[in-house]
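Trainee: I'm new to this one. Could you walk me through it and show me how each label is earned?
Mentor: Gladly, let's look at it together.

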Amino acid sequence: MSTDHRFDVWAPHARKVTVRIEGEDHPMEGLDGRPGWWTLPADDAAPQGTVRYGYILTKTFDEGTPEEREQVSDVLPDPRSRRQPQGVHDLSCTFDADAFEWHDADFRPRPLQDSVLYELHPGTFTPVGTLDAAIGRLDHLVDLGVTAVELLPVNGFNGEHNWGYDGVAWYTVAEPYGGPEAYQRFVDACHARGLSVIQDVVYNHLGPSGNYLPLFADYFKPGASSWGDLINLDGWGADGVREYILDNVTMWLREYHVDGFRLDAVHALADSSAKHILEEIAERVAEEVQRTGKDLVTIAESDLNDPRMIAATHRHGLGMGAQWLDDVHHAAHTAFTGETQGYYGDFASLHALEKTMHTAYFHNGTYSTFRGRSHGREIDPVEQRPYQFVTFLQNHDQVGNRAAGDRMNQSMSVDRAIAAATWLMAQPFTPMLFMGEEYGASTPWQFFTAHPEPELGEAVAKGRKAEFAQMAWDHATVPDPQDPQTFERSKLNWAEVHEGDHERIYRAYRDLIALRRNTPELTDQRWDTVATQASDSEQWFVLKRMTEPESEHGVVIAINLGREPRNLPLMGGDAPRLLFTSGTGPEPGAEGTVRVAPETAVVLRV
């Protein structure tokens, strides 16, 4: 459905298009001024209100028998359907987005540089797994101190549950989550509590079941990425495909009031156009900023280590406001867990973590052993700012793509887990938490699917085990994605939050977020106000945040990752004042140092 016409559809190869509405067929006609588009005649008395509908396409071919030369499709769901109440294979349903009464006219999202993000999967965030149920946990997030919820993809997929990255109905909100009105209620509730909503969108591929787009138009082109067929962004008919993506961006902004986007795996958007699709997305969002006065954000997931991703379009960049930064995750994960297999191998030294505090990308033109080639390029410290890099200890990929879906905290002491959180809240980039991280959840977050097609479920399970060979993980620990218990195990256990060590971790995260918010040095956006030292032999890392470059004064974060107490350098200043400790201590050390207990982080004002 379109906002301009009650029933519109883009089907440039069809000779005839019929829309079936509540069982009655209505012939459509070409839409003036829009080649390939079909609409209902103005005088057609189509049913009003909420109705079920679908499209029937008639195509003709030059070869074959008379029957073969004319092909009539089954009734197909609308590519722009707002609701699929009976699933992605069934009829579409109209939805009046304007009927919802919003209460967020005065809400303004915080700028990204002042934000702490929280990644959330609606199906496993609560036992019920709906957006309405998630509203009941928003006060927990407010108490924690996060400022923005980043929702994993919510568009329609086949089956009862899914990570969200198998979506095929891009304009819908999945019915298991409550459908589109539940989404509106969720965003409105977030805004009432001062929380922004950033929606994860997947424009680089569609899921394996329920994808009817190729029957309508040339949505795909030859070639494939790791996730399937390439989206047609620069071939015959690409204008309509690009419009499909850009109108989807506008839909989320206007019909659902989202405050920004996380764009999945943008390196898989194969686009040779003079203006890249990401530039057009950036422009579409900028138009909404101009219209509403709100500070909206686009965050790209990219493994290219290319600063052009977040460079302004007028400087020939792609215009994204920020990007996920896997290199910092890998360096931090290796530092705190000691894992060095697979792609973690290049980050085995603490000096990798040290480097990323100054350069963002670890691979900035250096050789990547995992890729077997040089990778990345240097940022421009004048053009790029630290807040444009979103960093994390955990996220859905880095937890869910482990063989057993185990969380980082499950392999370390509570002191060490809080020390890692201390680093996250003190490092110069925009921090993001993964749901449950804030209280050291004992539940895993595993890869789960519910494909109704047995052969598809089997293929997914085999593919998962093949992927883990590169990381040297034991195949026997890989749960069956199709087993309903894999999904159930991945749901958060909220009873833990205020129990024992879980409560200790939660209080630490809450205090650290408040410390970040109330300490100007920790959100300073200059690269030259960051100083570091590290020792591999003694296993310690020190980060200093300053108000002026090379200042003796500032905030020092001293982290002892070893098994013995260590004297760590204060990096200037005197009479240190304790702001936070993840464990015991600290104690005075030799001149110019502080003695820090094993597996402990301290934050000091010097």
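Mentor: In this predicted model, 58% of the 606 residues of the protein count as buried.

Trainee: Why is C93 called buried?
Mentor: Buried means under 20% relative accessible area. C93 has 3% relative accessibility, so C93 counts as buried.

Trainee: And what makes C190 buried?
Mentor: The cut-off is again under 20%. C190 stands at 0% relative accessibility, and therefore counts as buried.

Trainee: How many disulfides does the structure hold?
Mentor: Zero disulfides. To be counted, a pair of cysteine sulfur atoms has to lie within 2.5 Å.

Trainee: How do you know whether the radius of gyration agrees with a compact globule or not?
Mentor: For 606 residues, a compact globule would have a radius near 25 Å; the protein has 26 Å, so the two agree. Along the principal axes, its C-alpha atoms fill a box of roughly 90 × 50 × 50 Å.

Trainee: Which residues have the most contacts inside the largest nonpolar core?
Mentor: They are Y183, W252, F336 and W423, in a core of 154 residues. Helix α12, residues 414-426, gives the most to this core, with ten residues.

Trainee: What does F336 touch, leaving out residues up to four places away in sequence?
Mentor: Its partners include M408, M412, R416, W423 and L561. There is also a second, separate core of 14 residues, with A531 and V606 among them.

Trainee: What is the count of helices and strands?
Mentor: The protein has 15 helices and 28 strands.

Key
Residues are numbered from 1 along each chain as its sequence is written. This is a predicted model: local features need pLDDT of at least 70, side-chain atom pairs count only at pLDDT 80 or more; totals for chains, interfaces and linings use all residues. Side-chain values use heavy atoms; hydrogens and water are left out. Buried means under 20% relative accessible area, exposed over 50%, partly exposed in between (1.4 Å probe, protein chains only). A nonpolar core is a set of buried Ala, Val, Leu, Ile, Met, Phe, Trp, Tyr and Cys residues joined through side-chain atoms within 4.5 Å. Helices (H or I, at least four residues) and strands (E, at least two) are DSSP runs, numbered from the N terminus. Contact means heavy atoms within 4.5 Å. The radius of gyration is taken over C-alpha atoms; the globule rule is 2.2 Å times the number of residues to the power 0.38.
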